[in-house]
Amino acid sequence: MNIDRVIQVAVIILAGGFLIVSYLGFRIAQDSRDLPYFLMRRSQLTRGWRWMALGVFLGLLALSVQLAGRKVAYMVYPPTPSLTATGTQTLTPTITQTPTITLTPSITPLATQTYTPTVSTTPVLPDAISVLLQETVTPNPEAAFSDIVFATRINDSIQPVSPSDTFVNPVGRLFGAFSYNNLSDGVRWSAIWRHKDAGIVCVESQVWDGGTGGYGYTECEPDAWEPGEYEVQIFFAETWRVSGRFTIEGAPPTATVTPSLTPSAQ
C-alpha cells in the first residue's frame, strides 16, 4: 500500500469517527432532558458535549490529513521513483538492457518481430552540448528519472497543474515535470525539446544541484508552437535517461503589424 492510499484510508476512518462520535454526543445530550434530577441531567449533558467536542476534533484532524498529509509524508519518506520503459526503446525477446539502454550490435532481429513507425533508436546528446561536458564528477549509474508529465503550470510543490499530452494554440510556456532519484550534484544534465519535423526548439543544459532525490522540471517557451508532435529527451551527463511526448494542435497566433505614418514633404 502506497502513501496516497494510506492517507485516504486515514481520512475515511477519521471522517467516520467524526460522524459516529458527533451523533453519539448529540444523542446523549438530547436524552439528558428526560432525566428527572438536575444533577443527573447536567452530568449527562456534560458527557454529551465532551463526545461532540471529540467529534469536532476528529473532523478537524481528518481535514488536516486530507490537505497536508501527502506533503508531510513525502517530507518524512522522500519518493523513490523507478524508470518506466518508453516507446523509444527497440527491444527483441533476446535483448538484455544495459544501464545506458543501448542495443548490442551483434543481435539480429527475429523474423517474427513487428516494428511500428513510432519506434526509434536511442537518443543521442547533440554535439553542441557534448563539448560542454567538462565536469569531473562521475555520474551515478543508478540515476533514474520518472516519466515526464506536461502542463502549462506547476504549483509550489513542483507538481503539474491539469497535466495533458495535447495542447491547443495559443500555448505559451510549457513545463515538463518529473521525479528523480540517485542523482549526483555536479554532473551536467540536459533537456532537449524537439519538434518531429522542425528539430530542436528548446535546450536546457546546466550542472545538476538538486540533490539525490525529489521533484524537478524543465520548461520551454519558443516564439511560436508549431502544430505537430514534440518529444522531450532528458540526459544525465552523456547518457539518455527518459523521453516524453506531447502534441500541439492548431496554428500558432500570427503577429499583428501596426503601420506607422512617416511624414513627407509636400
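**Exercise 1. List the buried residues of helix α1, and compare the reach of the helix with its expected span.**

Solution. Begin with burial, where buried means under 20% relative accessible area, exposed over 50%, and partly exposed in between (1.4 Å probe, protein chains only). By that rule the buried residues of α1 are Ile-7, Val-11, Leu-14, Gly-17, Val-21, Ser-22, Gly-25, Ile-28 and Ala-29. The helix itself covers residues 3–31, and its 29 residues reach 42 Å from the first C-alpha to the last, close to the 42 Å expected at 1.5 Å a residue. The expected span is 1.5 Å times one less than the number of residues.

Before going on, note that this is a predicted model, in which local features need pLDDT of at least 70 and side-chain atom pairs count only at pLDDT 80 or more, while totals for chains, interfaces and linings use all residues. Residues are numbered from 1 along each chain as its sequence is written, and side-chain values use heavy atoms, with hydrogens and water left out.

**Exercise 2. Place the elements of the protein chain in order.**

Solution. Helices (H or I, at least four residues) and strands (E, at least two) are DSSP runs, numbered from the N terminus. The protein chain has three helices and eleven strands, and from the N terminus on they run α-α-α-β-β-β-β-β-β-β-β-β-β-β. Of its 266 residues, 33% are buried.

**Exercise 3. Work out the strand order of the open sheet, and explain why one side of β5 and of β8 is left without a neighbour.**

Solution. Two strands pair if DSSP finds at least two bridges between them. The open sheet of five strands follows the order β5-β11-β10-β7-β8, with mixed pairing. Because β5 (166–168) and β8 (199–207) stand at the edges with a single partner strand each, one side of each has no neighbour in the sheet. From one strand to the next the twist averages 20°, with axes taken as lines fitted to C-alpha atoms (for helices over the stretch in contact) and angles running from 0 to 180 degrees between N-to-C directions. At the β5 edge, the pairing with β11 (residues 239–249) is parallel and has three bridges, and Thr-166 has Thr-247 of β11 as its bridge partner.

**Exercise 4. Describe the two faces of strand β9 and the surroundings of Thr-218.**

Solution. Strand β9 (residues 214–220) has a covered face made of Gly-214, Gly-216, Thr-218 and Cys-220, whereas Tyr-215, Tyr-217 and Glu-219 form the uncovered one. Strand β6 (residues 174–181) pairs with β9 in the antiparallel sense over seven bridges, and Phe-175 has Glu-219 as its bridge partner there. Thr-218 is buried, with a relative accessible area of 0%. Its contacts (heavy atoms within 4.5 Å), leaving aside neighbours within four places in sequence, include Leu-174, Phe-178, Trp-189 and Val-232. The side chain of Thr-218 also makes polar contacts with the side chains of Glu-204 (2.6 Å) and Trp-193 (3.2 Å). A polar contact is a pair of N or O atoms within 3.5 Å; within protein, one must be able to donate a hydrogen and the other to accept it, and residues adjacent in sequence count only if both atoms are side-chain atoms.

**Exercise 5. Find the disulfide, and state its handedness.**

Solution. A disulfide is a pair of cysteine sulfur atoms within 2.5 Å, and the count comes to one. Cys-202 is joined to Cys-220, S to S 2.0 Å. The torsion about their S-S bond is about 75°, so the disulfide is right-handed. Since Cys-202 lies in strand β8 and Cys-220 in strand β9, the pair ties together parts that are 18 residues apart in sequence. Both Cys-202 and Cys-220 are buried.
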